Amino acid sequence: GSIFDILVADSTLYVGGQIYDEGGIPRKNLAAFDINTNALRAWNPAANYLVRTILNDGNNIFIGGDFTTIGGNVRNHIASVDKNLGALNSWNFSLNSSCNSIIRKGNELFVAGDFNVVNGDTIGPIFSVNSFTGKIGDYKPKIQHWQNGNSFSNFISVNAISFADYT
């Protein structure tokens, strides 16, 4: 398999990617290890396809990728799970294609990927959402592909997003 993202939170190392088992113990694309003992934790949300990004948000872990289910429950490309138990949270968004990056600034999550539809609405490959209320934020820039001075509304993929604070 392949690891696409690593997160350290408290005393746990979370990994996401294309994972099938860890030391002979089945895992579906997500795993967690105790950083002090290297032991595999029971945490096992079980994404049915590749996980590309992991974000710690207090008691929750947001994950994004190519998956369409978590633990057998429909979650199209983005989900929230309990940080300690791995249980799926009720927070639910539907993207029509892969989520490649999730970052947080304040209460807002900024999500980027290969999608152009969120919960049935055409938005584009980047948007913000309140991590507590689930309300889509005002940040949803219109990104277009330009070639030879002409604008195309074709598919755009955003692989990463970050913030820099300059003071």
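So, β1 and β2: these two strands run antiparallel, and 7 bridges join them, with β2 covering residues 12–18. Keep in mind that what we're looking at is a predicted model. If you want one pair to click on, take A9, whose bridge partner in β2 is T12.

Now, which strand sits on the other side of β2? That's β5, and β2 and β5 pair in the antiparallel sense too, over 5 bridges. A handy marker there is Y14, which stands opposite A32 in β5. Put those together and you get an open sheet of 3 strands, in the order β1-β2-β5, with antiparallel pairing. The edges are β1, at 2–9, and β5, at 30–34, and each of them pairs on one side only. As for the twist, neighbouring strands in this sheet are turned by 20° against each other on average, ignoring direction.

Let me stay on β5 for a second. It's an edge strand, so is it covered or open? Mostly covered: 5 of its 5 residues are buried. And that goes for both faces, with L30, A32 and D34 buried on one side and A31 and F33 buried on the other.

Okay, zooming out. How many helices and how many strands does the chain have? The count is 0 helices and 17 strands. Out of 167 residues, 44% count as buried. On contacts, if you take those with a separation of 6 or more, residues 24 or more positions apart account for 32% of them.

Next stop, β11 and β12. β11 is residues 99–105, and it pairs with β12 in the antiparallel sense over 6 bridges. In that ladder, C99 has G113 of β12 as its bridge partner. The two strands form a hairpin with 2 residues between them, and G106 takes a positive phi there, near 65°. For those of you who like checking backbone torsions, that's the one to pull up.

β12 has another partner as well: 5 bridges join it to β15, residues 126–130, again running antiparallel. There, E108 is matched with N130 in β15. Like β5, β12 is mostly covered, with 5 of its 6 residues buried.

Let me pick out a residue in β11, namely I103. Why do we call I103 buried? Because its relative accessible area is 16%, and the cut-off for buried is under 20%. What does I103 touch, once you leave aside its neighbours within four places in sequence? The list is L55, E108, L109, F110, I161, S162 and F163. The L55 contact is a nice one for the fold: I103 and L55 are 48 residues apart in sequence, yet 6.7 Å apart in space, C-alpha to C-alpha.

Last item, and one for the electrostatics people: D114. You'll find D114 in the loop between β12, at 108–113, and β13, at 117–118. Is D114 buried or exposed? Buried, and it has no salt bridge. The nearest side chain of opposite charge is R52, and that's 5.5 Å away, whereas a salt bridge would need a nitrogen within 4 Å of a carboxyl oxygen. What D114 does have is a side-chain polar contact with N100, at 3.0 Å. N100 belongs to β11, residues 99–105, which takes us back to the hairpin we just looked at.

That's my tour, happy to rotate the view for anyone.

Notes: Residues numbered from 1 in each chain as written. Predicted model: local features only at pLDDT ≥ 70, side-chain atom pairs only at ≥ 80, totals over all residues. Heavy atoms only, no water. Pairing = 2+ DSSP bridges. Helix = DSSP H or I, 4+ residues; strand = E, 2+ residues; numbered from the N terminus. Axes fitted to C-alpha atoms, helices over the stretch in contact; angles between N-to-C directions. Buried < 20%, exposed > 50% of the residue type's maximum accessible area, 1.4 Å probe, protein only. Lys, Arg positive; Asp, Glu negative; His and termini not counted. Polar contact = N/O pair within 3.5 Å; in protein donor to acceptor, adjacent residues only side chain to side chain. Contact = heavy atoms within 4.5 Å.
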